[in-house]
Amino acid sequence: RRLAARLTGRGDRCRHLEQVVPDVERGSAGCEACLATGMGWVHLRMCQVCGQVGCCMASEGRHSLAHFDETGHAIISSLEPGEDWLYCFADWREIEP
């Protein structure tokens with residue numbers, strides 16, 4: 001069961017949820033790094049610790065992952081309309097909100 005949870009990214013409660021700042025405010029309208037360099041993005045993600053907006057893993061810059069690597073802020077949310085989920089980069093798994 002534990003192996004299945006690790007492979008599917010589901011299982012016990014994520015230990016990084018304690019990082020989440022309730023009602024964190026969005027830092028910008030688009031991926032901050034892409035806007036600064038003229039790159040485009042596929043989807044936007046928001047850091048649930050500081051509000052930094054970055055592009056998704058399908059985007060060339062993968063700036064939401066770079067933000068995690070630089071800061072250790074593990075929890076992101078989707079900024080796409082109709083999507084309501086959280087993701088933990090540290091555990092590489094989706095978290096139910």
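Trainee: Which residue just after α3 takes a positive phi?
Mentor: That's G72, with a phi of about 80 degrees. Helices (H or I, at least four residues) and strands (E, at least two) are DSSP runs here, numbered from the N terminus.

Trainee: What sort of model is this, and how are residues numbered?
Mentor: It's a predicted model: residues are numbered from 1 along each chain as its sequence is written, local features need pLDDT of at least 70, and side-chain atom pairs count only at pLDDT 80 or more, while totals for chains, interfaces and linings use all residues. Side-chain values use heavy atoms, with hydrogens and water left out.

Trainee: What does the protein chain average in pLDDT?
Mentor: The average is 90, and 87% of the residues score at least 70. pLDDT is the predictor's confidence in each residue, from 0 to 100.

Trainee: Where does pLDDT stay under 50?
Mentor: Over residues 1–5, for which the model has two contacts beyond four places in sequence. Contact means heavy atoms within 4.5 Å.

Trainee: Okay, the fold. How many helices and strands does the protein chain have?
Mentor: Three helices and five strands. From the N terminus on, they run α-α-β-β-α-β-β-β.

Trainee: Back to α3, then. Which of its residues are buried?
Mentor: H63, S64, L65, H67 and F68. Buried means under 20% relative accessible area, exposed over 50%, and partly exposed in between (1.4 Å probe, protein chains only).

Trainee: And what do the buried residues of α3 pack against?
Mentor: They pack against α2 (32–37), β1 (44–47) and β2 (53–55).

Trainee: Which way do the residues of β3 point?
Mentor: I75 and S77 point one way, I76 and S78 the other, and all are buried.

Trainee: How many bridges join β3 to β4?
Mentor: Three, and those two strands run antiparallel. Within that pairing, S77 stands opposite L86 in β4. Three bridges also join β1 to β3, again antiparallel, and R45 has S78 as its bridge partner in β3. For two strands to pair, DSSP has to find at least two bridges between them.

Trainee: Which residues touch the most other members of the largest nonpolar core?
Mentor: C14, L17, I75, C88, F89 and I95, out of 13 residues in that core. The elements giving two or more residues to this core are α3 (63–71), β3 (75–78) and β4 (86–88). β4 gives the most, with three residues. A nonpolar core here is a set of buried Ala, Val, Leu, Ile, Met, Phe, Trp, Tyr and Cys residues joined through side-chain atoms within 4.5 Å.

Trainee: What lies apart from that core?
Mentor: Another core, of seven residues, among them V24, C31, C34 and C55.

Trainee: Cysteines, then. How many disulfides does a search of the whole structure find?
Mentor: Zero. A disulfide needs a pair of cysteine sulfur atoms within 2.5 Å.

Trainee: Why is C47 in no bond with the closest cysteine?
Mentor: Because the closest cysteine sulfur, in C50, is 3.7 Å from the sulfur of C47, too far for a bond. C47 counts as buried, at 1% relative accessibility.

Trainee: How far from C56 is the nearest cysteine sulfur?
Mentor: It's 6.5 Å away, in C55, and C56 is in no disulfide. C56 is buried, with a relative accessible area of 4%.

Trainee: Last one: what percentage of the protein chain's residues count as buried?
Mentor: 42% of the 97 residues.
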